[in-house]
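This report walks through the fold, the helices and the side-chain contacts of a single chain. Please keep the sequence and the model in view while reading.

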Amino acid sequence: MKRRTRNKIILWSLAVTAVAVLVGGTIALVLTAGTWKAKLKESQEKICNKGWECSGSKYCCNDTITDFFKVYQFENLFAKRNTPVAHAVGFWDYQAFITAAALFEPQGFCTTGGKQMQMMELCAFLGHVGAKTSCGYGVATGGPTAWGLCYNHEMSPDQTYCDKTYTQYPCVEGAEYYGRGAIPVYWNYNYGAAGDGIKEDLLHHPEYLEQNATLAFMAAMWRWMTPIKKGQPSAHEAFVGTWKPTKNDTLSKRLPGFGATMNILYGESICGRGYIDAMNVIISHYQFYLDLMGVGREHSGNNRDCAEQAPFNPSSKSDDQQQQQQQQQSGS
């Protein structure tokens, strides 16, 4: 009797082992098949090369920026930038913009989605640029939206914008970190991060952004394409819709669209403060450029404003610093 019981136990153990091996093999086979399918899909993903402007990326299979944005259109968008009263005459030009864009088009900058989305993103990015470098005002010739790229730096900085508590990018003696560029960069830590991003020593040489238009555009594009923090979207991702908001984002009224790009770039200095002029001016530039590009402001997308959005990164600075930042973001 004991022998029979023992034999049954042995047979049962063998059966369980066989089943476990079979199941394990099946799981391994499924995992192997899944990995193989993923690698096959990756290998089959089309990669395109279009010369100097866009190469080695799936995004290069779409139209590139020069396919739909020409010199005359750049001139239309920034019609007043070289008038005698402008403050950066002869600095900004189409070639500098395209040269800078070529570094980011393989990452999807204005090469994501169909042609309409590509043109919308172009107008969205340039809407920020135009608003932040404008010297237009209500009664200015051509209207306030015609004066983008009037500045390339802050005209009367009242400080050097050196935060000595930020040790990763310590201030360099003699350097001043006031606002410069197409989307103005302020503070030593922002110059340091942007410099790492575009591989230029902006921490030691912040003046590069008011001396070289290509670098000024590059720094702005890097900021557009790069999340402020891990786990957050870039302005590019928020605009083209590849960002999927979390439940907390939804509760905070942060949704994909132009409004979220303002939240990412300017935070509480612009967003969550109602329909303030500083926010409305940026939207106006975006929609004006959509009209000029033939897309039309009716295609400016959902969630255009950030009036009621909670900021992604609430400031921990003092009240005085917050006020300074809000003044910087409200004008050049």
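## Overall make-up

Helices are taken here as DSSP runs of H or I with at least four residues, and strands as runs of E with at least two, numbered from the N terminus. Counted in that way, the secondary structure of the chain comes to 13 helices and two strands. The model is a predicted one, and every value below is computed from it.

Of the 332 residues in the chain, 45% count as buried. The chain exposes about 17,100 Å², and carbon and sulfur atoms supply 54% of that area. Where contacts between residues at least 6 apart in sequence are concerned, 64% join residues that are at least 24 apart.

## Helix α5 and the aromatic pairs

How many of the 18 residues of helix α5 are buried? The number is 15, so the helix is largely enclosed by the rest of the structure. Its length also fits expectation: at 1.5 Å a residue the 18 residues of α5 should span 26 Å, and the end C-alpha atoms are indeed 26 Å apart.

The structure holds 22 aromatic pairs. One of them is formed by F97 and F125, whose ring centres are 6.5 Å apart and whose planes meet at 40 degrees, a tilted arrangement. Since F97 lies in helix α4 (residues 94–101) and F125 in helix α5 (residues 115–132), the pair ties together parts that are 28 residues apart in sequence. Both F97 and F125 are buried. The rings of F288 and Y289 have their centres 6.0 Å apart and their planes at 50 degrees, so this pair is tilted. Its two members differ in exposure, for F288 counts as partly exposed at 22% relative accessibility, whereas Y289 counts as buried at 0%.

## The surroundings of Y289

Y289 is found in helix α12, which covers residues 277–292. Leaving aside neighbours within four places in sequence, Y289 is in contact with L77, F78, C123, L126, G127, G130, T145 and G148. The C-alpha atoms of Y289 and F78 are separated by 9.6 Å, although their positions lie 211 residues apart along the chain when counted as sequence separation.

## Helix α6 and what follows

Which residues of helix α6 (residues 188–198) are buried? They are N188, Y189, Y191, G192, A194, G195 and I198. An α-helix has 3.6 residues a turn, so residues three or four places apart point the same way. The buried residues of α6 pack against α7 (208–211) and α8 (213–225). Just after α6, K199 takes a positive phi of about 60 degrees.

## Salt bridges

Five salt bridges are counted in the model. In one of them the side chains of R180 and E210 meet at 2.6 Å, N to O. This pair links distant parts of the chain, with R180 in the loop between α5 and α6 and E210 in helix α7, 30 residues apart. R180 is buried, having a relative accessible area of 3%. Apart from its neighbours within four places in sequence, E210 is in contact with F91, N152, H153, Y178 and R180. The backbone also comes together here, for the C-alpha atoms of E210 and G181, 29 residues apart along the chain, are separated by 6.2 Å.

Another salt bridge joins the side chains of E75 and R81, at 3.0 Å from N to O. Is each partner buried or partly exposed? E75 is partly exposed, with a relative accessible area of 32%, while R81 counts as buried at 4% relative accessibility.

## Charges over rings

R254 takes part in two kinds of interaction. The side chains of R254 and D249 meet in a salt bridge of 2.9 Å, N to O, and both of these residues are buried. The charged end of R254 also sits over the ring of F312, 4.6 Å from the centre of that ring.

A further charge is placed over a ring at K132, whose charged end sits over the ring of Y266 and is 4.5 Å from its centre.

Methods
Residues are numbered from 1 along each chain as its sequence is written. This is a predicted model: local features need pLDDT of at least 70, side-chain atom pairs count only at pLDDT 80 or more; totals for chains, interfaces and linings use all residues. Side-chain values use heavy atoms; hydrogens and water are left out. Rings of Phe, Tyr and Trp (its six-membered ring) pair if their centres lie within 6.5 Å; planes under 30 degrees apart count as stacked, over 60 as edge-to-face and the rest as tilted. Buried means under 20% relative accessible area, exposed over 50%, partly exposed in between (1.4 Å probe, protein chains only). A charge sits over a ring if NZ of Lys or CZ of Arg is within 6 Å of the ring centre and within 35 degrees of the ring normal. Contact means heavy atoms within 4.5 Å. A salt bridge is a side-chain nitrogen of Lys or Arg within 4 Å of a carboxyl oxygen of Asp or Glu. The expected span of a helix is 1.5 Å times one less than its number of residues. Accessible areas come from the Shrake-Rupley method with a 1.4 Å probe; for residues, only the protein chains shown count as cover.
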